[in-house]
Amino acid sequence: MWPQWRGPLATGEAVGNPPIEWSETRNIRWKTPIPGAGASTPVIWGETIYLQTAAPVGEEKAPRQTAFAFPEQMNVYKGLAYYRATREYEFALVAVDRASGAIRWRKVLRVEQPAEGRHPTNTFASASPSTDGEHIIAFFGSRGLYALDMRGEVVWERDFGEMQTRNGWGEGASPTLFRDRVIVTWDHEGQSFIAALDKRTGRELWRRDRDEPTTWATPLVVPVGGRVHVITNGRNHVRGYDLESGADLWHGPGLTFNSIPSPAAANGVVYLTSGFEGSVLLAIDLARARGDITESGALLWRRDRDTPYVASPLVYDGAIYVFKSLQGILTSLDTRTGAVRYGPVRIDALPDVYASPVAAAGRIYAAGRDGKIVVFRHGLAFEPLAVNELDDGFDASPAIVGDELYLRGRKALYRISAK
């Protein structure tokens, strides 16, 4: 299954053997248009795919006032482009049949005109849902956190208020579902926090204020010995919280502004990165992480170049793969030492990359914004296997289940599998 953002291991890796080559006329089992827009990765459980969308409805109207001081009716704030909604939107969770691609149900969770803005390349449904086969957790940020049963009935919901994102660029952090808890981060230009909720009732179990500007990364949960670490990125600090109490277990140096990539961990080491107006990649040994990690020796290595702005890293079989900024310039590093395995290498077929790469069967799958998906071999040198192109564009990260690859484009959801 692919139950959450970044897959079953939260690294981008899956067990399976999806096709290497496809096109609009080859190895497409089905292609289903999805109502509305969203950059969330679909999650898959059993024979159903779940994804979030936001679809405009009703008549045009003036933008809503917001607590963040945007000039009214303008689409530029301090020289940076953003979009403000002039219609109401239906914020919905959609269930798609895995075998046929038919839409099984669509549950509208809220109808609202967003007050905040969004980046022109962002959507109002950029967070990915999460599921454990009992609950589906859908997070629309300022439009609420929802728990649904597998039939699409709402079990509970929570409203945290209005987020004020940096430059009005909108939201994107996904919820993390682990055992009986849901973890959400609320990093914005107001009072930021992280909170844990009971997955069955929505009751808030703990909340900790965070001294962080807007981030878009999803918190990562990693068991270490007898404790479970909740790991977050941030401009000021990277941190590990205790899952049970919310206590601050450790903290380290911050990343860059606009921290978007989510952490990934393997073999007791967590990797945190960002790449806007600078480059940072940290490798932290969680067994030694306590207090200030620069003093405990837990900071194993650091890299300060060629790190991603949006795409999260792929950790796979002793290697970590990262793209530079928003470009298709790839570097592969050794997870233990940070030594360069190869790169940076420019992949001409991927001029712009938002989607995070995924891996299976010794291959890496990387999707570009213009509709091309490059497949290359995992190894000590860059070895491309195929460049596949569809009549679409991809900001959402792919998902892999068995021998099937799922791609959520701006126009449609695709199942790629051999017939």
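A pocket is an open set of grid points with protein on both sides within 12 Å along at least five of seven lines. With that idea in hand, let us take a walk through this structure, which is a predicted model.

## Two pockets

Rolling a probe the size of a water molecule over the atoms shows where empty space is left. The second largest pocket has about 330 Å³ of such space. Its lining is made of 20 residues, and those closest to the centre are Q4, L9, A10, L220 and V221. Which strand gives the most to this lining? That is β18, with four residues. Both β14 (176-178) and β18 (220-224) supply at least two residues each. Sorted by class, the lining of the second largest pocket holds 14 nonpolar residues, five polar ones and one charged.

Now turn to the largest pocket, where the volume is about 590 Å³. Here 29 residues form the lining, and N122, W216, I260, V310 and Y354 are the closest to the centre. The classes in this lining are 13 nonpolar, 14 polar and two charged residues.

## Backbone surprises

Most residues other than glycine have a negative phi, and most peptide bonds are trans. A few places in this model are worth finding with that in mind.

Start with N27, which is not a glycine and yet has a positive phi of about 60°. You will find N27 in the segment before β1 (28-33). Is N27 buried or exposed? Its relative accessible area is 16%, and the limit for buried is under 20%, so N27 counts as buried.

D317 also has a positive phi, near 50°, without being a glycine. This residue sits in the loop between β27 (314-316) and β28 (319-323). The relative accessibility of D317 is 58%, so D317 counts as exposed, because the word applies to values over 50%.

The peptide bond between G343 and P344 is cis, with omega at about 0°. Look for P344 in strand β30, which covers residues 340-346.

## Charged partners

How many salt bridges does the model have? The count comes to 36. Three of these pairs are set out below.

| Salt bridge | N to O distance |
|---|---|
| R305 and D306 | 2.6 Å |
| D370 and K372 | 3.6 Å |
| K372 and E389 | 3.7 Å |

In the pair R305 and D306, the side chains meet in a salt bridge. R305 is partly exposed, at 45% relative accessible area, whereas D306 is buried, at 3%.

K372 is a good residue to click on: K372 forms a salt bridge with D370 and another with E389. The pair of K372 and E389 links distant parts of the chain, 17 residues apart, with K372 in strand β33 (residues 372-377) and E389 in strand β34 (residues 383-389). As for accessibility, K372 is partly exposed at 22%. D370 is partly exposed as well, with a relative accessible area of 34%, and E389 is partly exposed at 44%.

Salt bridges can also join up into a group. Which residues are linked in a network of salt bridges? They are R64, R110, E112, D159 and E162. Try picking out these five in the structure above.

Notes: Residues are numbered from 1 along each chain as its sequence is written. This is a predicted model: local features need pLDDT of at least 70, side-chain atom pairs count only at pLDDT 80 or more; totals for chains, interfaces and linings use all residues. Side-chain values use heavy atoms; hydrogens and water are left out. On a 1 Å grid over the protein atoms alone, a cavity is a set of points where a 1.4 Å probe fits but cannot get out, and a pocket is an open set with protein on both sides within 12 Å along at least five of seven lines; lining residues have an atom within 4 Å of a point. Grid points are joined across faces, edges and corners, and a volume is the space filled by probe spheres set on the points. Ala, Val, Leu, Ile, Met, Phe, Trp, Tyr, Cys and Pro count as nonpolar, Asp, Glu, Lys and Arg as charged, and the others, Gly among them, as polar. Buried means under 20% relative accessible area, exposed over 50%, partly exposed in between (1.4 Å probe, protein chains only). A salt bridge is a side-chain nitrogen of Lys or Arg within 4 Å of a carboxyl oxygen of Asp or Glu.
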